[in-house]
Structure formats: C-alpha cells, structure tokens
Amino acid sequence: MESELVLHEGGCHCGKIKWRVKASRRVVAWSCNCTDCSMRGNVSFIVPSSDFELLDDSKDFITTYTFGTHTAKHTFCKVCGITSFYTPRSNPDGVSVTVKCVKAGTLDHVEIRTYDGLNWEKSHKETGIASFSNES
C-alpha cells in the first residue's frame, strides 16, 4: 500500500508480551476463515520476520500451538491467552500481527481482505499473500 515504514508497538492484554514492528501506516490485513482464525476472530497483517522484534522478556511468556501441517506457529501469552502475533502457514518467513493488538496512533488505515483458509491451497495461489513477507 505505502512504502514508508514506521514503528508500531503492541502486545497482549496483560502486557507480558510486548513487541515492535516496522510497517506502513496503511496496511493490508487478512480475515481468514480457517478453523483457528475464525474461532479467534483474528484479523492480521503480515510483515517480514526481520521487521518484527520481541521486547524485554516477552519470549518467556509465549507458548505455541500447531496443528495440521505444523507450519503455522500459533503463539499466545501464557498468562492472558491473547494471540498478538503468530507465524502463518501462508508466510512461514514472516510474522502475522493482530491489528487489534497494535497500540493506537500509528495505523492510519487498514484494508481488510478475505483469505479462504478452508480452501487454503486455492486461496494461497489466488491472493498473492506470500508476497507480503518479502523483504522491503
């Protein structure tokens, strides 16, 4: 959408997990209907792993859930249970950041696109989602 990157901060509900991510002020976020995302109501945007940084001792409070192909790493806080970010199957070289977990004030616009996770292979091919974790 926009090439200038800014720092966004965010984390989980209890504050044990904190992170910083470089992304545009205007992002494309994905609403997925896979069994996991639909139950969580997750809407997230994807960045290259190199643009995401965990802060302080956050890693000590993360636990991970996998299923199916075990490619996606569904991370969440051990204390409050919030998934503020995870490694998506569509972009194993990237990080998917939950829009609602970004602190207010740095995102100007979120374009929400649909990802058909129930028909994963077809949606992966048709949406071009894999390009969203490419290095800038």
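A polar contact is a pair of N or O atoms within 3.5 Å; within protein, one of the two must be able to donate a hydrogen and the other to accept it. Keep that in mind for the first exercise, and remember that you're looking at a predicted model.

**Exercise 1. Work out where Ser 133 sits, and which backbone oxygen lies 3.4 Å from a polar atom of its side chain.**

Step 1: find the residue. Ser 133 is in the segment after helix H2 (120-127).

Step 2: check how open it is. The relative accessible area of Ser 133 is 2%. Buried means under 20%, so Ser 133 is buried.

Step 3: look for the oxygen. It belongs to the backbone of Ala 130, 3.4 Å from a polar atom of the Ser 133 side chain. The cut-off from the opening is 3.5 Å.

Step 4: list the neighbours. Leaving out residues up to four places away in sequence, Ser 133 touches Ile 46, Val 47, Pro 48, Asn 91, Asp 93 and Gly 94.

**Exercise 2. Put the strands of the open sheet in order, and say which ones stand at the edges.**

Step 1: read off the order. The sheet has 3 strands, ordered S1-S2-S5, and the pairing is antiparallel.

Step 2: find the edges. Strand S1 (6-11) and strand S5 (52-54) each have a single partner strand, so one side of each has no neighbour in the sheet.

Step 3: check the turn. On average, neighbouring strands here are turned by 20° against each other, direction ignored.

Step 4: zoom in on one pair. S1 and strand S2 (residues 18-23) are joined in the antiparallel sense over 6 bridges. Across this pairing, Glu 9 stands opposite Arg 20 in S2.

**Exercise 3. Trace the network of salt bridges that links Glu 9, Arg 20, Glu 53 and Lys 103.**

Step 1: recall the general idea. Side chains of opposite charge can pair when their charged atoms come close.

Step 2: start at Glu 9. It forms a salt bridge with Lys 103, and the closest N and O atoms are 3.7 Å apart. Glu 9 lies in strand S1 and Lys 103 in the loop between S9 and strand S10 (109-115), so the pair ties together parts that are 94 residues apart in sequence. Glu 9 is partly exposed at 34% relative accessibility, while Lys 103 is exposed at 52%.

Step 3: move to Arg 20. Its side chain meets that of Glu 53 in a salt bridge (3.3 Å, N to O). This pair links distant parts of the chain, with Arg 20 in strand S2 and Glu 53 in strand S5, 33 residues apart. Arg 20 is partly exposed at 26%, and so is Glu 53 at 39%.

Step 4: place this in the whole structure. A full search finds 7 salt bridges. One of the pairs is Asp 36 with Arg 40 (2.8 Å, N to O). Both of these residues lie in helix H1 (residues 35-40), 4 residues apart, about one turn of the helix.

**Exercise 4. Describe the largest nonpolar core and say which strand gives the most to it.**

Step 1: recall the tendency. In soluble globular proteins, nonpolar side chains tend to be buried together.

Step 2: count and name. The largest nonpolar core has 18 residues, and Trp 19, Phe 45, Phe 52 and Val 97 have the most contacts inside it.

Step 3: find the suppliers. S2, strand S3 (26-32), strand S4 (43-48) and strand S9 (94-98) each supply at least two residues. S2 gives the most, with 3 residues.

Step 4: look for another core. Apart from this one lies a core of 10 residues, among them Val 28, Ile 46, Tyr 86 and Ile 129.

Key: Residues numbered from 1 in each chain as written. Predicted model: local features only at pLDDT ≥ 70, side-chain atom pairs only at ≥ 80, totals over all residues. Heavy atoms only, no water. Pairing = 2+ DSSP bridges. Axes fitted to C-alpha atoms, helices over the stretch in contact; angles between N-to-C directions. Core = buried A, V, L, I, M, F, W, Y, C linked by side-chain atoms within 4.5 Å. Buried < 20%, exposed > 50% of the residue type's maximum accessible area, 1.4 Å probe, protein only. Contact = heavy atoms within 4.5 Å. Salt bridge = Lys/Arg side-chain N within 4 Å of Asp/Glu carboxyl O.
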